[in-house]
Amino acid sequence: MKLFVGNLPFSATEIEIRDLFTRFGNVTDFYLPLDRDSGRPRGFAFVTFDNRESGEAAVKELDGSDFSGRQLRISEAEERRPRT
């Protein structure tokens with residue numbers, strides 16, 4: 001199950017975010033997009049679990065929770081729509 005993690009602080013590191021999610025299960029993929037100009041994180045990430053149960057538990061527990069002073073927004077990631 002792939003999750004969208006929004007409203008991350010720009011100072012968040014991959015290690016901090018991975019640590020937050022690995023307590024719910026095996027994280028198989030992680031993507032933290034960086035800004036092209038500044039090289040800083042863009043404030044969101046994608047986390048993929050190896051099963052749906054782990055992902056659903058993470059959403060239930062972490063959506064709306066505080067992470068470094070920011071209220072996380074976590075949901076199942078949607079497929080990217082093709083650009084026209």
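This is a short group-meeting talk on the fold of one protein chain, and the model is a predicted one.

Okay, let's start with the overall picture. The protein chain has two helices and six strands. Reading from the N terminus, the elements go β-α-β-β-α-β-β-β. How compact is the protein chain? The radius of gyration comes out at 13 Å, close to the 12 Å from the globule rule for 84 residues, so the chain is as compact as a globular protein of that length. If you'd like box dimensions, the C-alpha trace spans about 35 × 35 × 20 Å along its principal axes.

A few more bulk numbers for the protein chain. Of its 84 residues, 38% count as buried. The chain exposes about 5,800 Å², and carbon and sulfur atoms supply 44% of that. On contact order, take the contacts between residues at least 6 apart in sequence: 63% of those join residues at least 24 apart.

Now, the sheet. In what order do the strands come? Four strands make an open sheet, ordered S2-S3-S1-S6, with antiparallel pairing. Strand S2, residues 27-31, and strand S6, residues 73-76, are the edges, each pairing on one side only. From one strand to the next, the twist averages 20 degrees. Helix H1, residues 14-22, packs on this sheet and touches S1, S2, S3 and S6; the direction of H1 makes about 145 degrees with that of S2.

Let's walk across the sheet, starting from the S2 edge. S2 and S3 pair antiparallel over four bridges, and one residue to click on is Phe30, whose bridge partner in S3 is Val47. Next, S1 and S3 are joined in the antiparallel sense by five bridges. In this pairing, Val5 has Ala45 as its bridge partner in S3, and Phe4 has Phe46. Last comes S1, residues 2-6, with S6: antiparallel again, over four bridges. There, Phe4 stands opposite Ser75, while Leu3 stands opposite Glu76. So if you select Phe4, you can find a partner on either hand: Phe46 in S3 and Ser75 in S6.

Let's stay with S3 for a bit. How many residues of S3 are buried? Five of its six, which leaves the strand mostly covered. Thr48 sits in this strand. Thr48 counts as buried because its relative accessible area is 16%, and the cut-off is under 20%. And what does Thr48 touch? Leaving out neighbours within four places in sequence, Thr48 contacts Met1, Lys2, Asn26, Val27, Thr28 and Asp29.

Right after that is Phe49, which has a longish contact list. Again skipping residues up to four places away in sequence, Phe49 touches Met1, Leu3, Phe21, Phe24, Gly25, Asn26, Val27, Thr28, Ser54, Gly55 and Ala58.

That takes us to the core. In soluble globular proteins, nonpolar side chains tend to be buried together. In this model, the largest nonpolar core has 20 residues. Which residues have the most contacts inside it? Leu8, Ile17, Phe21, Val47 and Phe49. S1, H1, S2, S3 and helix H2, which covers 52-62, each supply at least two residues of this core. Two of the names you've just heard also touch each other, since Phe21 is on the contact list of Phe49.

One last stop: Asp50. Where is Asp50? In the loop between S3 and H2. Is Asp50 buried or exposed? Neither, quite: Asp50 is partly exposed, because its relative accessible area is 45% and that class lies between 20% and 50%. Not counting neighbours within four places in sequence, Asp50 is in contact with Asn26 and Thr28. If you want a distance to check on your own screen, the C-alpha atoms of Asp50 and Thr28 are separated by 5.9 Å, although the two residues are 22 apart along the chain. Thr28 also turns up among the contacts of Thr48 and of Phe49.

To wrap up: an open sheet of four strands in the order S2-S3-S1-S6, H1 packed on that sheet, and a largest nonpolar core of 20 residues. Okay, over to you.

Terms used. Residues are numbered from 1 along each chain as its sequence is written. This is a predicted model: local features need pLDDT of at least 70, side-chain atom pairs count only at pLDDT 80 or more; totals for chains, interfaces and linings use all residues. Side-chain values use heavy atoms; hydrogens and water are left out. Two strands pair if DSSP finds at least two bridges between them. Axes are lines fitted to C-alpha atoms, for helices over the stretch in contact, and angles run from 0 to 180 degrees between N-to-C directions. Contact means heavy atoms within 4.5 Å. Buried means under 20% relative accessible area, exposed over 50%, partly exposed in between (1.4 Å probe, protein chains only). The radius of gyration is taken over C-alpha atoms; the globule rule is 2.2 Å times the number of residues to the power 0.38. Accessible areas come from the Shrake-Rupley method with a 1.4 Å probe; for residues, only the protein chains shown count as cover. A nonpolar core is a set of buried Ala, Val, Leu, Ile, Met, Phe, Trp, Tyr and Cys residues joined through side-chain atoms within 4.5 Å.
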